[in-house]
Amino acid sequence: MVCWDPRIEEMPKEELQRMQYKLLKSLVYRLYSFSPFHHDRMKEQKVHPDDIRELADVKKLPFMFKRDLRDGYPDKIFTASQDELVRYHVSSGTTGKPTVVGYTQNDIDLWTTSLARALTSAGLGRGDVIQVSYGYGLFTGGLGMHYGAERIGATVLPTSVGNTERQIELMQDLGSTAIACTPSYLLHMGEVAEKMGVSIKKDTKLRTGILGAEPWTEGMRNRMQDWLGIKAYDIFGTSELSGPMFTECTEQKGFHIWSDIALTEIIDPRTEEPVAPGEKGELTVTILKKEALPMIRYRIGDITSMDDSPCACGRTHPRVQRITGRVDDMLVRVELNRESFSDKITDIMAIRQKIEHRLRNSLNVMAEVELVEPGSLPRFEGKSKKVIDKRSM
Amino acid sequence: METQKFIIRQISIFSEKRPGRLAAIAHALGEENINILAFSISEANGFGVVRALVDHPEKAHDKLLSLGFNVAFTEVIAVKMKDHPGGLYEVAKILGDTGINIEYSYAYSGRDGAVLILRVDQVEDAIKKIKNTGATLLERSVFH
């Protein structure tokens, strides 16, 4: 196994946890002293930095949500002044108002280090040509991956998204060995290549895909691996945490979350208490070393579980399993009334789509709509039962 | 040309994706002594539409409606086919040559030969075009 930073990546768990505790403690003191936002929230929660006496005490701290960043738009909760920042990224705001993330030089370095370790764990390094087909710009995917790939000494081909035929030509001409993009874009690329008479499996040197920024399944992984002749690795991260930060290692069994960078908890979203080890729950992340925009117990909204058992790759850092769902995923059953029913299937599908759009726009959640027959939704005592929670944690 | 007599009333029923829906529909029609002459099920992701030609469409409609089903009438036409190899091709070629667009279609083969049931955009126009080619359209009275 090749590690980017073997001293840290193979560090015994107890040592890692001691390190995490020290980092958490100093982070909390710093924020209590210098951040009005965090200070007020700790006061509200009646917790003082002195109350953090062991790592498990992290659960005394208040949670953060995306709305805290939206409410603080653009930089109200930053803990660095503008002249200390070297970069901004801005999330697209597809599910609400945009959010701005600022970075100090140390923040960029930390993010880059995280990815350097991750990309190395996925078998990449000097000699690789990494085609970065994530969007460059306000989105964190392109630039984040670019810096990480350069750091490990790989050659970056910064194609960004689009112009797919040219991307495939360059992939052949410059011998890309890895590609970083969304899984759906890679599938699209495979199809375009075939139309051009190019087999990615046979006619290119591509052997690794670093795929993320949207949910995908084991089924898609198997299909891409067989069809394109690559190993497909999932990547995890979100702009509020910095950007894409963690990938699967060559074992492909979850993302190693670097303990010296991030403290992860899996909680039951209803009780807000930690779940039993290995159980599914909501992922909660504290970034231990962020300067410009510290994130404490950030609830991203992803449902997953954590595996703290030793990984066959030798790394001691815990693995978060691939994301299996969102806490805000909803299935909405809607009775199709008689006036809306026509014999035309496309009409019915259009109705369903319209409802999904309306729900997304007004509630800011992804909702899948299932149309049911009139009168089939349960009604109790003359009132309809409006919400049935069938989430399995 | 009298086109109305060739327009057949099909019943279309919305169905959730759940076992037993077809049985419920068929049971209701059986109870009312309604005979199903032809039917098809179309499924779209998460729901289905059952379409049927029956001998008493009004009665079927009212019965299903009273049971809470979403039912609608749809106008279709029925073209006679030869019940031997190439029979469908003859009819399909006519539809293609005369520029008739099929929305959906299903077929059955009975005592008096094979029949292709068609849902088209412009039903009266389609009837005229098909009649002009000499093909045989079945009248509504054959069914109900």
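In strand β6 of chain B, the bridge partner of B:G110 is B:G113, and this pair belongs to a model that is predicted. The two strands concerned, β5(B) and β6(B), form a hairpin with two residues between them, and they pair in the antiparallel sense over eight bridges. Further along the hairpin, B:Y106 has B:I117 of β6(B) as its bridge partner. On another side of the pairing scheme, β4(B) is joined to β6(B) in the antiparallel sense over five bridges, and B:V79 has B:L116 of β6(B) as its bridge partner. Because six of the eight residues of β6(B) are buried, this strand is largely enclosed by the rest of the structure.

These strands are part of an open sheet of six strands in chain B, which follow one another in the order β2-β3-β1-β4-β6-β5 with antiparallel pairing. The edges are taken by β2 (36-44) and β5 (102-110) of chain B, each of which has a single partner strand, so one side of each is left without a neighbour in the sheet. With direction ignored, neighbouring strands of this sheet are turned against each other by 30° on average. Helix α3 of chain B, formed by residues 87-97, packs on the sheet and touches β4 (71-81), β5 and β6 of chain B; the direction of this helix makes about 115° with that of β4(B).

Chain A contains 11 helices and 19 strands, and buried residues make up 37% of its 393 residues. Among contacts in chain A between residues at least 6 apart in sequence, 66% join residues that are at least 24 apart.

One of the sheets of chain A is an open arrangement of four strands in the order β10-β11-β12-β15, again with antiparallel pairing. Its edge strands are β10 (262-267) and β15 (325-326) of chain A, each of which pairs on one side only. Starting from the first of these edges, β10(A) pairs with strand β11 (residues 281-287) of chain A in the antiparallel sense over six bridges, and within this sheet A:I266 stands opposite A:L283 in β11(A). The next pairing, also antiparallel, joins β11(A) to β12(A) through four bridges, with A:G281 standing opposite A:T304 in β12(A). Strand β12 of chain A, which spans residues 298-304, is mostly covered, since five of its seven residues are buried. The sheet is completed by the antiparallel pairing of β12(A) with β15(A) over two bridges, where A:D302 stands opposite A:R326 in β15(A).

Among the helices of chain A, α7 (residues 164-173) and α8 (residues 183-195) pack at an angle of about 80°, with their axes 10 Å apart. This angle makes α7(A) roughly perpendicular to α8(A). The contact is made by A:T164, A:E165, A:Q167 and A:I168 on the side of α7(A), and by A:H188, A:M189, A:V192 and A:A193 on the side of α8(A). By class, the residues of this contact divide into four nonpolar, three polar and one charged.

The largest nonpolar core comprises 74 residues, and those with the most contacts inside it are A:I130, A:A180, A:L211, A:A262, A:V285 and A:M295. Helix α5 of chain A (residues 105-121) gives the most to this core, contributing six residues. When neighbours within four places in sequence are left aside, A:A180 is in contact with A:I130, A:V132, A:S133, A:Y134, A:M145 and A:I210. Apart from this core lies another, of 40 residues, among them A:I348 of chain A together with B:F39, B:A126 and B:F143 of chain B.

The contact between the two chains takes 15 residues from chain A and 13 residues from chain B. On the side of chain A that touches chain B, α11 (345-363) and β17 (367-372) of chain A each supply at least two residues. By class, this side of chain A has eight nonpolar, three polar and four charged residues.

Notes:
Residues numbered from 1 in each chain as written. Chains lettered and ligands numbered in written order. Predicted model: local features only at pLDDT ≥ 70, side-chain atom pairs only at ≥ 80, totals over all residues. Axes fitted to C-alpha atoms, helices over the stretch in contact; angles between N-to-C directions. Parallel < 35°, antiparallel > 145°, perpendicular 65-115°, else oblique. Contact = placed C-beta atoms within 7 Å. Nonpolar A, V, L, I, M, F, W, Y, C, P; charged D, E, K, R; others polar. Core = buried A, V, L, I, M, F, W, Y, C linked by C-beta atoms within 7 Å. Buried ≥ 20, exposed ≤ 12 C-beta atoms within 10 Å, placed from the backbone. Pairing = 2+ DSSP bridges.
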